[in-house]
Amino acid sequence: MPTPHVPWPRFDRRILLLLLDDRQRLLLCGACCHGWTVPQVRLNSGADFKGQAALFLKQRFGIDRPHFAALYGLHESPENVTWTFDRHTESRAYIVRVSSQQSTLARDAGERHALWSREELRRRRREVSPEGVVLVITGFIEGWLPDGPLILT
């Protein structure tokens, strides 16, 4: 059976950016599918995750020299389970600490951006994708998730 066509470049990696401000609010983007998500960057095979995240934050939101938290999420599709895509995929979820001023500028950079508090995230968690983002960010805020890599399934 032939491999399905995927337009070049083959984006097989993705970054999720969890921008958390001084007031513990998370920046969310209004999705086209009637939901909310965190800013995302799609990468091709040769790109550096953290370097591309920093570049995106500078270009899109004017955030220079972002402060990445020690906790970050990792997700890789198993080599033998490529039914979602036609190839192995990798994702990283970075928590980026920003000032309240930077978060307000980022919110105002798009028509459908919002800043949600921990309470609002908990109340509306089913509206946020990808699933699990709210659990990761609330665990970080409350301090019950350890620093370092967190495997996301």
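**Entry 1.** I began with Phe 68 and found it buried, its relative accessible area being 17%. The model I am reading is a predicted one. I then looked up Tyr 94, which is also buried, with a relative accessible area of 7%.

**Entry 2.** I next examined how these two rings meet. The ring centres of Phe 68 and Tyr 94 lie 5.3 Å apart and the planes stand at 70°, so I recorded the pair as edge-to-face; the cut-off for that class is over 60 degrees. I placed Phe 68 in strand 5 (residues 67-76) and Tyr 94 in strand 6 (residues 90-97); the pair thus links distant parts of the chain, 26 residues apart. I also noted that Phe 68 and Tyr 94 form one aromatic cluster together with Tyr 72.

**Entry 3.** I asked how many aromatic pairs the structure holds. The count is four. One of them joins Trp 36 and Trp 116, which I entered as tilted, at 5.4 Å centre to centre with 55° between the planes. Trp 36 belongs to strand 3 (residues 36-37) and Trp 116 to strand 7 (residues 113-116), so this pair ties together parts 80 residues apart in sequence.

**Entry 4.** I checked whether these tryptophans are buried or exposed. Trp 36 is buried, at 13% relative accessible area. Trp 116 counts as buried too, with 2% relative accessibility.

**Entry 5.** Finally, I looked for charges over rings. I found Arg 112 over the face of Trp 36, 5.0 Å from the ring centre. I found Arg 13 over the face of Phe 49, at 4.3 Å from the ring centre.

Terms used: Residues numbered from 1 in each chain as written. Predicted model: local features only at pLDDT ≥ 70, side-chain atom pairs only at ≥ 80, totals over all residues. Heavy atoms only, no water. Phe/Tyr/Trp six-rings, centres within 6.5 Å; stacked < 30°, edge-to-face > 60°. Helix = DSSP H or I, 4+ residues; strand = E, 2+ residues; numbered from the N terminus. Buried < 20%, exposed > 50% of the residue type's maximum accessible area, 1.4 Å probe, protein only. Lys NZ or Arg CZ within 6 Å of the ring centre and 35° of its normal.
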